[in-house]
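Me: Could you pick one spot in this structure, take a close look at it with me, and then connect it to the surroundings? I am new to this, so please explain the terms as you go.

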Amino acid sequence: MTSTPLFSILTIALGLVFCPLLPGIISRTKAFFAGRQGPPLLQVYFDLYKLLRKGAVYSRTTTWIFRAGPVVGLAAVLIASTLMPFGGVSGLFTFDGDFLLFAYLLGLMRFFTVIAALDTGSSFEGMGASREVLFSALAEPVLLLALAAVMRETRLYSLSDILPESASISAELILVAAALFAVFLCENARIPFDDPNTHLELTMIHEVMVLDHSGPDFAFITYAASLKLWLLGSLIVGLTVPVADQPVIVNLGLAAGGLLLLSVFTGAVESIMARLRLVRVPQLLVAAGALSLIAFMFAMG
Amino acid sequence: MKLLLILSFGALGAGCVLPLFFQRKPAASYFGAGATLLSAVLGLVPALWVLLGGAPLSIHFSPVFTLFPVSLQLDALSALFLFAIYLVSALSAVYGVGYLKKYGEEKNIGASWFFFNTLVASMALVCLARNAMVFLLSWEAMALSSFFLVAFENEKEESRKASWIYLIASQLGTAFLLPLFLVLAKASGSQDFGNPVPTLSPVLKNVCFFLALIGFGTKAGMMPLHVWLPEAHPAAPSHVSAVMSGVMIKTGIYGLVRILPMLGDPPLHFGFILILLGAGSGVLGVLFALAQHDLKRLLAYHSVENIGIILLGLGVGFIGLSVGSPWLAALGFAGGLMHVVNHALFKGLLFLGAGAVLKATHTREMDHLGGLLKRMPYTAAFFLVGSLAISGLPPFNGFVSEFLIYVGSFQGAALLPARAAIPFVVSLGALALIGGLAAACFAKAFGIVFLGEPRTADGRQAHEQDGWMLMPMAILALLCAAIGLCGPLVIRAVSPAVATLAGPAGNSDLSQTSNLLFFITLCAIALLLLVGTIVVLRKILFSKRKALVSSSVTWDCGYAAPSPRMQYTASSFAQPIIDLFGVFLRTKKNIRLPQKYFPDKASFESETTDVSRESIFTPVFSGISGLLSRFQVLQEGRLHLYVLYIVLILFVLLIWKL
């Protein structure tokens, strides 16, 4: 475990720079499965660059809440990135219970995305918002119960302490990883929970909430979403990829490799699965919660 | 200090009497609220003094005209509750001056201030009382004065019904407290509160526990005894709702934390039951809140939810005591007690905000509101702060207290042997679910009421309220943010109160907690700075291209004539959640689908009535009244029959005596 602030800041910077790569990898994987060439790996970077240079159109219905949504969302996820360890380097801030702050910062981001969506007065966005709050409310217990199982095993209470200690192949770890993968897909609006490429407002969840945002505001949203993908991915990778006593650079490489693999896997899941009917989504999340609970019971035994 | 405390009661006494002389004149409000404010300023000094480490204050006297001695004491635990009571009451009183203006001279405002100040005084006395008689008398005064306050709009049937339900529920609760105090007094030989009673047998201990749970749980609004809350809170004037929901229901929690330690070392199942009840109240409370259409009713159910969170904290604390872990006990009690204060602040704020909306638009129906942010910018901003705080989101105060309960639950789940770990898993699962659903509910409440376009004409004509009403909300919002940002300082103020429950050992462990909270403060400040930075960044980005920023309509898929009534409503927003949890909620729906090729009329109605009222209270009460109605044959209003009864009874007594 490396825990100098300098290294922590460097790994955070690593995440900040490379997070837009992950959606690129996912869509390339999907393109590969579909036999298409697909967008360039750096597409999200191009999008961000383009959006930041544009103006914006605001609905006359909206208020400052609509403008605050992307700003607070980005700020919350940036602070969350200081809590997450990566490749054996601990987060910038580590304390017992930091995972709670992490989860609630993502909650803050979601709350502001939702009220910004409701600010437009659009029924489509209201629909997306309503689905988002339900699914995330069900995903939250899954995340925390899964972490409780790992904590029972390691008897440690901060992300930076838990993650490096947890990576030993055991039944509970597999269950926890499966549960967290469901949370990862749900929170990042991936298939089978949500389809980022759907073209009908009625069927969207996350995309429809940000329908009215444009220009730099939308760039903030896109970037914050990539960073959230990176952070939740880091959580799974941190739990499953072992960190050994080796140079930091090797550990970082392993973690980056883990994230790459996770993205490819996500792309594969998206390619071979259809999106679930909305009424089925809660069942999947409850099943993931059951996995977390079983993992906890194993850890207790 | 003692003098200040006595003077504060004197001020409340004046606040009761003076407004009565003015009856319907506005001066009644000034004297009534002025007295509450003065008494709060006087009373907060000793409360804070004790909280910051001063020695407890005791007052004993034996008035000649009563048969029992009066014994009052202000220790850290009382001081914590007293702090919340004075603060929220004073701010609500100031708000009340503005709020009651809408009644002009139609109502006897003087009388309402008499009951308001009686309520404040009796709540304070409940927290100070150290013997059973004083406690019960203040407890009754509290119930009666709030009964009259709920019935303020007594020309409306809804208010009359609500106040009766409240009074009956309240008296039922007290009926369980009387035997509790009798048992305790018999076992300890005195009716004074204080030291643990060692002579209680385990059976008696359990009996006392359940009596306390039902008696105090009714006042606190614990599921399934909460039936009066969703009736009384919406019916009462909003500043009264703020006091009742913010602090009055907390006297139930105070009763629990004052009486349960007297039962001696708690067995494991005390904590387990508290956690189960807390989880039930929390999750069901927030689910019922989601299903409501009435803004104040929604807030009332959220009080049930937050009482659940407080009970979870107390449960964690009591299990900590049972398994001999002062650290766990300290975390649980600190979280629970801090949430008492936090909930008083943000729920007070939210009820005051809802009152402002009600006064401006004359409706509590969320689906008739909308777009109020543009018309009431300050109220909206304060309501947003309250919403974030009650959803437990950083950087506000709700997060800090929930964080402590969470950390306690995680520690318990990770460290304790299996049998003791299970309640903690329940607690953290419930907390996580409550957190997500509460955020959903307040996204709905804030989003539908304040954002979008107004749905009715009343909403379009709404305007901002005056300073009497805005100022108290501003102060409460500031306090919510301040506690969120100063966790380590606040925990120091709470720790003497925690020590009375968790023992001094837990108190020393609590300093570790303040380290954790320090990091939260750090991250919260970083968050605020970052938000500021991004705002500036955004300004710079836009400053170069003002010409490119334009306004238009919301994306409507090219639909030609959108109307505000087509917006997503509160019911539609909550529908997926309501359907998913339909088993518990039993929402009644009345749908008329459009018919034929050219559909004309369609309608949809949904109503979620209280399950525990429908399936527990109503059947029990109608059963009882059915049973009692059989005795009607005895009382038929014929005088000669009554005389016969008297003769018969005298005869029976005579034979018995022979």
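Reply: Let's begin with Glu157(B), which is found in helix H6 (residues 157-188) of chain B. Helices (H or I, at least four residues) and strands (E, at least two) are DSSP runs, numbered from the N terminus. This is a predicted model, in which local features need pLDDT of at least 70, side-chain atom pairs count only at pLDDT 80 or more, and totals for chains, interfaces and linings use all residues. Residues are numbered from 1 along each chain as its sequence is written, while chains are lettered from A and ligands numbered from 1 in the order in which they are written.

Is Glu157(B) buried or exposed? Glu157(B) is exposed, because 8 other C-beta atoms lie within 10 Å. Here a residue is buried if 20 or more other C-beta atoms lie within 10 Å of its own, exposed if 12 or fewer, and partly exposed in between, with C-beta atoms placed from the backbone. Ala235(B) is 78 residues from Glu157(B) in sequence, and 10.0 Å separate the two in space, C-alpha to C-alpha.

Farther along chain B, strand S5 (residues 603-607) lies largely in the open, because zero of its five residues are buried. S5(B) pairs with strand S4 (residues 588-592) of chain B in the antiparallel sense over five bridges; two strands pair if DSSP finds at least two bridges between them. In this pairing, Lys589(B) has Ser606(B) as its bridge partner in S5(B).

Now for the domains. Chain B is assigned domain 1 (267-535), domain 2 (569-607) and domain 3 (611-657), with bounds that come from an automatic or database domain assignment. The centres of domain 1 and domain 2 of chain B, taken over C-alpha atoms, are 30 Å apart. Each of these two domains of chain B gives eleven residues to their contact, where two residues are in contact if their C-beta atoms, placed from the backbone, lie within 7 Å. On the domain 1 side, helix H11 (268-290) and helix H17 (418-450) of chain B are the elements that give two or more residues. H11(B) supplies the largest share of that side, four residues. By class, this side of domain 1 of chain B has eight nonpolar, one polar and two charged residues. Ala, Val, Leu, Ile, Met, Phe, Trp, Tyr, Cys and Pro count as nonpolar, Asp, Glu, Lys and Arg as charged, and the others, Gly among them, as polar.

Chain B also meets its neighbour: 65 residues of chain B are in contact with 62 residues of chain A. Elements of chain A that give two or more residues to this side include strand S1 (57-59) and helix H6 (123-154). H6(A) has the largest share there, 17 residues. The side of chain A that touches chain B divides into 39 nonpolar, 13 polar and ten charged residues. The two chains also share a strand pairing, in which S1(A) and strand S3 (residues 550-552) of chain B run in the parallel sense over three bridges. Ser552(B) in S3(B) is the bridge partner of Ser59(A).

Finally, how is chain A built? Its secondary structure comes to twelve helices and one strand, and 62% of its 301 residues count as buried. The mean pLDDT of chain A is 91, with 98% of its residues at 70 or more; pLDDT is the predictor's confidence in each residue, from 0 to 100.
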